[in-house]
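Hi everyone, thanks for making time for this. I'd like to walk you through one model, so please have a look at the sequence and the structure on the screen.

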Amino acid sequence: MSKPFDAMLNTLIDGHLLKWSEYLAARVGVSPGLATSLDTDLSSTLQADRLFRIDGPITAVLHLELEATGKLGRPAQLLRYNVAASAATDLPVHSIIMVLRPKANASDLTGQLEVPDANGQTYLTFKYTVVRVWQESVDAFLSAGPGVAPLALLTDEAAGNMTAAFARFREHLRAEGVSDSVERDLLISTYVLCGLRYSKTETENLYRDLNMTLEDSTTYQHILNKGIIQGRTEGRAEGQTEGQAKGITIGQKQEAQRLVLRLGVKRFGPSPTNAEAVILAISDHDRLERMAERAIDATGWDDLLTTT
């Protein structure tokens, strides 16, 4: 799938594996059960997006592909993955392709691939499940659990009234009793994933319009204002550093550092050995702000760390 979003979605799946597996199992008619993430390297040339082993009443494997580009030929690729996964696990494999936006809806995603022989007769019929995210209801994703809920904002229903859909999303998180840290992570994930369907301006306006309902947190303020908090305090207390004189407290700087790390991990996966040390050593709050903004568009950790 499209690189800017694959790390974010994989982070959501890893953090909420059971809920994702339950949602996907229900789509293909597999009874839920203990979910285990499997190795996606099926051969030297094949790597699936995600594989889950479901140990329910009938053990099965769920094969998930996330599609954001709309290229043709994906059904044949799904078939290759399906056969390879079946051979690797010796279990029935159900393939699902989740199409994340309307522009990725390729014309050959029919849910069935018929393979002809030399005489044009079908000798193999391969069936797979297509989930077109924008056609789903907001409630379908909200009810699937917090880790699946960010997809609710990519539906046509949400696009019709983004503010109302976002409010429902946040209310659902609170009803689920998720911790503050999980809620912050999900809000950041949703902000990034909205880039699959909406312009950057639309997403920023959405978060800014909800300013009065969001907690006073530098994490939220970054989302709302395209940067980490830029509050100013009056006067200069004795012993303040130059940064503190500008209204930037040590706590705000530390949260800015944590935000850059969190955004980096969500976008690019686990950080290299030196990345955390480099970021924690940065005391220039303005640079941290630029890095947080850059994390949305950077190509990887190296690109992010070179932000000046």
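Let's look at helix α7: which of its residues are buried? They are E183, L186, L187, I188, S189, T190, Y191, V192 and L193. The helix runs over residues 180-193, 14 residues in total. From the first C-alpha to the last it reaches 20 Å, close to the 20 Å expected at 1.5 Å a residue.

Now, a step back. What you see is a predicted model, so let me say a word on confidence. The protein chain has an average pLDDT of 82, and 84% of the residues score at least 70. Among the elements, β7 has the highest mean, 98, and helix α10, residues 242-245, has the lowest, 44. The pLDDT is below 50 over residues 212-219, a stretch with 22 contacts in the model beyond near neighbours in sequence. Residues 226-246 also stay under 50, and there the model has 38 contacts beyond four places in sequence. Where pLDDT is low, predicted coordinates should not be read in detail, so please keep that in mind if you plan to use those contacts.

As for the overall make-up, the protein chain has 14 helices and 7 strands. Of its 308 residues, 50% count as buried. If we take contacts between residues at least 6 apart in sequence, 59% of them join residues at least 24 apart.

On to the sheet. It is open, has 5 strands in the order β1-β2-β3-β4-β7, and its pairing is mixed. Why do β1 (34-37) and β7 (129-132) each have one side without a neighbour in the sheet? Because they stand at the edges, each with a single partner strand. On average, neighbouring strands here are turned by 25 degrees against each other, direction ignored.

For β7, that partner is β4, residues 93-99, and the two pair in the parallel sense over 4 bridges. One bridge links I97 to V130 in β7. Both faces of β7 are covered, with T129 and V131 buried on one side and V130 and R132 buried on the other.

Next, the nonpolar cores. The largest has 52 residues, and those with the most contacts inside it are W20, L24, L64, M98, L100, L151 and F169. Helix α2, residues 17-28, gives the most to this core, with 6 residues. Take L151 as an example: leaving aside neighbours within four places in sequence, L151 is in contact with L9, W20, M98, L100, V133 and F141. There is also a second, separate core of 18 residues, which includes L288, M291, A295 and A298.

Last one, and it's a single residue: Q77, in helix α3, residues 74-89. Is Q77 buried or exposed? Its relative accessible area is 17%, and the cut-off for buried is under 20%, so Q77 counts as buried. Q77 and A48 are 29 residues apart in sequence, yet their C-alpha atoms are 9.5 Å apart in space.

That's my tour, and I'm happy to take questions.

Technical notes: Residues numbered from 1 in each chain as written. Predicted model: local features only at pLDDT ≥ 70, side-chain atom pairs only at ≥ 80, totals over all residues. Heavy atoms only, no water. Pairing = 2+ DSSP bridges. Axes fitted to C-alpha atoms, helices over the stretch in contact; angles between N-to-C directions. Core = buried A, V, L, I, M, F, W, Y, C linked by side-chain atoms within 4.5 Å. Buried < 20%, exposed > 50% of the residue type's maximum accessible area, 1.4 Å probe, protein only. Contact = heavy atoms within 4.5 Å. pLDDT = per-residue confidence, 0-100. Expected span 1.5 Å × (residues − 1).
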